[in-house]
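Dear colleague,

I am handing over the structure we spoke about, and below it I have set out what was found, in the hope that the notes will help you find your way around. Please read them with the model open beside you.

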Amino acid sequence: MAGKPAKGFVLYVDPSADPFGSGKIVRIVASYAETELIAGAPFVIGKDNITPEFANKNPFKKQPVLQLPDGNCIFETSTICRYLATLDPAKILAGQNPVHQARINSFIDSCLDSLQPASMAWLGPILGAIDFNGEVHKNALLEVKSYLAALNTQIGRHTSELQSRGHLV
């Protein structure tokens, strides 16, 4: 281990208004980065995110937001995860060199652009977040299966590299 985990990181997220599980994603990366996240005061979307204080944390008034120990705030799930992954360079969670970093970022961005919307279209009706549409549901399920198959193939090609370096992807 390269030193003590960072402390004093406050995560603002309302789990009841987090259909994509952004807070969980951030917590998983924080766990790999051995970074302790402190839950902010009870946080409710539609109430706390519209205050002037929260607008100073995220001008778009969305979640999640990570407040750093120095008081600065960062937002957007992928940005927070990338930040956490770079806290301890010895862990190499974000990649060992610019090529590895770009490959990892490609997977993160692809997941956000393709997998997350398709997953929501597929699971949204089950979670009660959106109305069911049979054609949309069927297409979303096919897209999720296709994406995960491609991801599985890619990870299979690089399993030993991933295990030896401990990358996030």
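Helices and strands here are DSSP runs, helices of at least four residues (H or I) and strands of at least two (E), numbered from the N terminus. Please keep in mind throughout that this is a predicted model.

Counted in that way, the protein has six helices and four strands, and along the sequence these follow the pattern β-α-β-α-β-β-α-α-α-α. Of the 169 residues in the protein, 33% are buried, and the accessible surface comes to about 10,100 Å², with 58% of that area belonging to carbon and sulfur atoms. Among the contacts between residues at least 6 apart in sequence, 62% join residues at least 24 apart.

As to the interior, the largest nonpolar core has 12 residues, including Phe9, Leu11, Val26, Val29, Ala30, Leu68, Cys81 and Leu84. At least two residues of this core come from each of β1 (9-12), α1 (22-32) and α3 (77-85). Apart from it lies another core, of five residues, and among them are Val10, Tyr12, Phe43 and Phe54. Ala30, one of the residues of the largest core, is in contact with Thr35, Leu37 and Leu84, if its neighbours within four places in sequence are left aside.

The pockets may be of most use to you. The largest pocket has a volume of about 780 Å³ and is lined by 27 residues, of which Ile25, Ile28, Val29, Cys81 and Cys111 lie nearest its centre. Two or more lining residues are given by each of α1, α3, α4 (98-127) and α5 (134-157), and α1 gives the most, with seven. By class, the lining of this largest pocket divides into 19 nonpolar, five polar and three charged residues. Val29 and Cys81 are also listed in the largest nonpolar core.

The second largest pocket has a volume of about 290 Å³, and of the 16 residues that line it, Ser22, Gln63, Pro64, Glu76 and Thr77 are the closest to its centre. Here α3 and α4 each supply at least two lining residues, while the lining as a whole has seven nonpolar, six polar and three charged residues.

Some points of backbone geometry deserve a look before you set anything up. Most residues other than glycine have a negative phi, and most peptide bonds are trans. Against that background, the peptide bond from Gln63 to Pro64 is cis, with omega near -5°, and Pro64 is found in the loop between α2 (52-57) and β3 (65-67). Lys61, whose place is in the loop between α2 and β3, has a positive phi of about 60° although it is not a glycine. Glu76 has a positive phi of about 85°, again without being a glycine, and sits in the loop between β4 (73-75) and α3. Because partly exposed covers the range between 20% and 50% relative accessible area, both Lys61, at 34%, and Glu76, at 44%, count as partly exposed.

Lastly, Asn139 lies in helix α5 and, at 39% relative accessibility, counts as partly exposed. The C-alpha atoms of Asn139 and Ala121 are separated by 8.8 Å, the two residues being 18 apart along the chain.

With best wishes

Conventions. Residues are numbered from 1 along each chain as its sequence is written. This is a predicted model: local features need pLDDT of at least 70, side-chain atom pairs count only at pLDDT 80 or more; totals for chains, interfaces and linings use all residues. Side-chain values use heavy atoms; hydrogens and water are left out. A nonpolar core is a set of buried Ala, Val, Leu, Ile, Met, Phe, Trp, Tyr and Cys residues joined through side-chain atoms within 4.5 Å. Buried means under 20% relative accessible area, exposed over 50%, partly exposed in between (1.4 Å probe, protein chains only). Contact means heavy atoms within 4.5 Å. Accessible areas come from the Shrake-Rupley method with a 1.4 Å probe; for residues, only the protein chains shown count as cover. On a 1 Å grid over the protein atoms alone, a cavity is a set of points where a 1.4 Å probe fits but cannot get out, and a pocket is an open set with protein on both sides within 12 Å along at least five of seven lines; lining residues have an atom within 4 Å of a point. Grid points are joined across faces, edges and corners, and a volume is the space filled by probe spheres set on the points. Ala, Val, Leu, Ile, Met, Phe, Trp, Tyr, Cys and Pro count as nonpolar, Asp, Glu, Lys and Arg as charged, and the others, Gly among them, as polar.
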